[in-house]
Amino acid sequence: MTDQVFYPSAALAPYVMYFWTCAHDCDVREVMFPTGSLELCIDISSGDTIRHRGERSMVVPRVEVLGHWNIPTSASIKKGNTCLITRFRPYAGSMFFPEQVSAFTNQSVDLYDLCGPAASEFICRIMDQPELSRKVAVLEAFLLARLGSARPDWQKMVLVAAICDSIARNTESFDLRGLSAEFGISDRYIQKLFLQYVGIAPKSFFSVQRFNKSLRMVRSAEMSLTNIAYECGYYDQAHFIKEFRGYTGMAPSQLASDSVLPIPTS
């Protein structure tokens, strides 16, 4: 199976960026990168995955909710493992999981702990489908059911979405006071909204967006690290390398294209 990307139905498109598969044809240890979004990851194969964070290791649940990762993390993945992954829009996690989204930060949460027996029924329906397209259809139905039972504060969610868009448009500098003036709300209220709906502070969200911009440039191998640092708004190359290492545990120069997960584009 080659990696594939599926886009959500119109009903889910405001909340889900895409679904994608990640398949492995050999044993590998991969670095995990922060994405700026919650993810729902389903192991649709039989290979156990081990996640490493510092000196700690854990067996990954069959179906897990992945929060934001902003510390060095990697995963040992066996040959034949395939995951079906939902990447939510940055502000939309609370639409499907009622807990404050910050509770998921740097955590892997078993879906069973959130949904109980419904999680077991869900994975059984997924695994019963012989075709990937049918698995995605079951996943969509599950998410639509979760969406239908949600009771969100639409006004707040729309506000957070607009702030996220504003931050994502400018990954070269962060100005919380400027955001406060732009949206007519206090700095403290923006912080509170982000912890509830996004899961990390607005400055951390900005840093993750800037990191991913730099990551794309590093992977392209078309610019020097000094020029990448300049283009992404870092103070200097040392600042860029320090932040990159803080997220990944490695320097940009150590990045090898065959040791990392692909990042689908929306």
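**Helix packing, salt bridges and cysteines in a predicted model**

Helices H4 and H6 are roughly perpendicular to each other, an arrangement that follows from axes which cross at roughly 100° and come within 10 Å. The structure described here is a predicted model, and the values reported below were computed from its atoms. Helix H4 covers residues 154–169, while helix H6 covers residues 187–197. On the H4 side, the contact is made by Lys156, Met157, Leu159, Val160, Ile163, Cys164 and Ile167, which meet Tyr189, Ile190, Leu193, Phe194 and Tyr197 on the H6 side. When the residues of this contact are divided by character, 11 are nonpolar, 1 is charged and none is polar.

A second pair of helices, H7 (residues 202–220) and H9 (residues 237–248), has axes that come within 11 Å and cross at roughly 100°. H7 and H9 are therefore also described as roughly perpendicular to each other. From H7, the residues Ser204, Ser207, Val208, Arg210, Phe211, Ser214, Leu215 and Val218 take part, and they meet His239, Phe240, Glu243, Phe244, Tyr247 and Thr248 from H9. The residues of this contact divide into 7 nonpolar, 5 polar and 2 charged.

Arg210 and Glu243, which both belong to the contact of H7 with H9, also meet through their side chains in a salt bridge, with a distance of 3.2 Å from N to O. Side chains of opposite charge can pair when their charged atoms come close. The pair links distant parts of the chain, since Arg210 lies in helix H7 and Glu243 in helix H9, 33 residues apart. Both partners are buried, Arg210 with a relative accessibility of 7% and Glu243 with a relative accessible area of 15%.

The structure holds 2 salt bridges, and another of these joins the side chains of Arg87 and Glu39 at 2.6 Å, again taken from N to O. Here, too, distant parts of the chain are linked, with Arg87 placed in strand S9 (residues 82–88) and Glu39 in strand S4 (residues 39–43), 48 residues apart. Arg87 is buried, having a relative accessible area of 7%, and Glu39 is likewise buried, with a value of 9%.

The cysteines were examined for possible bonds between their sulfur atoms, and the structure was found to hold 0 disulfides. For a disulfide, two cysteine sulfur atoms must lie within 2.5 Å. The sulfur of Cys124 has its closest cysteine sulfur in Cys115, at 14 Å, and is therefore too far from it for a bond. In the case of Cys232, the closest cysteine sulfur belongs to Cys164 and lies 19 Å away, which is also too far for a bond. The surroundings of these two residues can be described as well: Cys124 counts as partly exposed, at 47% relative accessibility, whereas Cys232 is buried, with a relative accessible area of 0%.

Attention may finally be turned to Met58, a residue of strand S6 (residues 56–59). With a relative accessible area of 31%, Met58 is partly exposed. If residues up to four places away in sequence are not counted, Met58 touches Thr49, Ile50, Arg51 and Ser108. Ala141, which stands 83 residues from Met58 along the chain, has its C-alpha atom separated by 30 Å from that of Met58.

Note on methods: Residues are numbered from 1 along each chain as its sequence is written. This is a predicted model: local features need pLDDT of at least 70, side-chain atom pairs count only at pLDDT 80 or more; totals for chains, interfaces and linings use all residues. Side-chain values use heavy atoms; hydrogens and water are left out. Axes are lines fitted to C-alpha atoms, for helices over the stretch in contact, and angles run from 0 to 180 degrees between N-to-C directions. Helices (H or I, at least four residues) and strands (E, at least two) are DSSP runs, numbered from the N terminus. Angles under 35 degrees count as roughly parallel, over 145 as roughly antiparallel, 65 to 115 as roughly perpendicular and the rest as oblique. Contact means heavy atoms within 4.5 Å. Ala, Val, Leu, Ile, Met, Phe, Trp, Tyr, Cys and Pro count as nonpolar, Asp, Glu, Lys and Arg as charged, and the others, Gly among them, as polar. Buried means under 20% relative accessible area, exposed over 50%, partly exposed in between (1.4 Å probe, protein chains only). A salt bridge is a side-chain nitrogen of Lys or Arg within 4 Å of a carboxyl oxygen of Asp or Glu.
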